[in-house]
Amino acid sequence: MHRRSLLAGVAALAASRPAVAQAQWSPDRPVRIIVPFAAGGGTDLTARVVAEALTNRLGQPVLVENRPGAGGNIGAEAVARATPDGLTLLLTTSSTHATNPALYRNLPFHPLRDFAPISQVAFVPNLLVVRPDLPTRSLAELVALAKARPGTLNFGNAGSGSSQHIAAAVLAARTGIEITHVSYRGGAPAVTDLLGGKIDAIATPLVEVIEHVRANRLRALAVTTARRSGLLPEVPTIGETIPGYEVALWNGLFAPAGTPPAAVRRIAAEVAAALRTDAVRAKIAEQGSDPVGSDPETFAAFVAAEIPKWAELVRLSDARVE
């Protein structure tokens, strides 16, 4: 009996070793977070908050690398093809992992099979803004102007099929207006052209334009989410004028498929812990976003449910990729 108990104890100890090793995973080199959009945009700014927090928690530098283009597909594909060692991550939005599957016939990656979901980071409201010299002070006035000048209002976006594109296209579909979509390699250059008067409007993550709104360089008309933003409570939702309208962007962190579960769980735990701290929550909230911080299983289920939801938005908007 003693020998049998001893052998059972040894077997139990051996079985427990992989779990101990998993719990102790740590990066042995700097970690890259690839952002598939231009520097200075909302996703980039969120990625830098996450990178700073993870640098402190993982004991290695966490660097942000921007790889914009093709609606986020270039950067996303780079991560899907990267070595699955926990050292290359993707911080992206619903554009690459929920919208693009419905937009691109030959997507260079599969949003579920080619990635290991780590954690949802935040929900991100888009803010519909116009250049201040446009004669519109409400969404209703913008719709009336678009109907009076069909096809002449230029709406910028961060790329074909981006949340900005979908938000504007759904707005056009729901109101029967005709607008011209102007695509950029990210939200930041689109905002730059809006400030320069080269385009008329954009529905972009709030963080990219809130300071311009506060300085009266841009005029805010509405938010695309179901609820008003706590940063701009006086700005109505689009749904208050167009019942049922909602385009809710999100961002999250992924690794290449095949990344060791220990790495995925460690990074997810550190992201969630960081998003529970007052300092990091404040930085995310300053961007107008609602921090989340979910475990890998919850995030995987969320992404799977978002794909058909955004496919319906794409269908409604009749958005096309050139």
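**Exercise 1.** State how much space lies in the largest cavity, and describe its lining.

*Solution.* About 110 Å³ of space lies in the largest cavity. A cavity is a set of points, on a 1 Å grid over the protein atoms alone, where a 1.4 Å probe fits but cannot get out, and lining residues have an atom within 4 Å of a point. The volume is the space filled by probe spheres set on the points, with grid points joined across faces, edges and corners.

Next, the lining: 16 residues line this cavity, and F37, T43, A158, Q164 and E208 are the closest to its centre. Helix 2 (42–58) and helix 6 (163–175) are the elements that give two or more residues to that lining. Helices are DSSP runs (H or I, at least four residues) and so are strands (E, at least two), numbered from the N terminus. Helix 2 has the largest share, three residues.

The model is predicted, with pLDDT of at least 70 needed for local features and 80 or more for side-chain atom pairs, while totals for chains, interfaces and linings use all residues. Residues are numbered from 1 along each chain as its sequence is written, and side-chain values use heavy atoms, leaving out hydrogens and water.

**Exercise 2.** Find how many cavities of 30 Å³ or more the whole structure has, and describe the second largest.

*Solution.* The search of the whole structure finds three. The second largest cavity has a volume of about 60 Å³. Among the residues that line it are G42, T43, T46, W250 and N251. Helix 2 and strand 10 (249–256) are the elements that give two or more residues to this lining.

Definitions and conventions. 1 Å grid on protein atoms, 1.4 Å probe; cavity = no way out; pocket = protein on both sides within 12 Å on 5 of 7 lines; lining within 4 Å.
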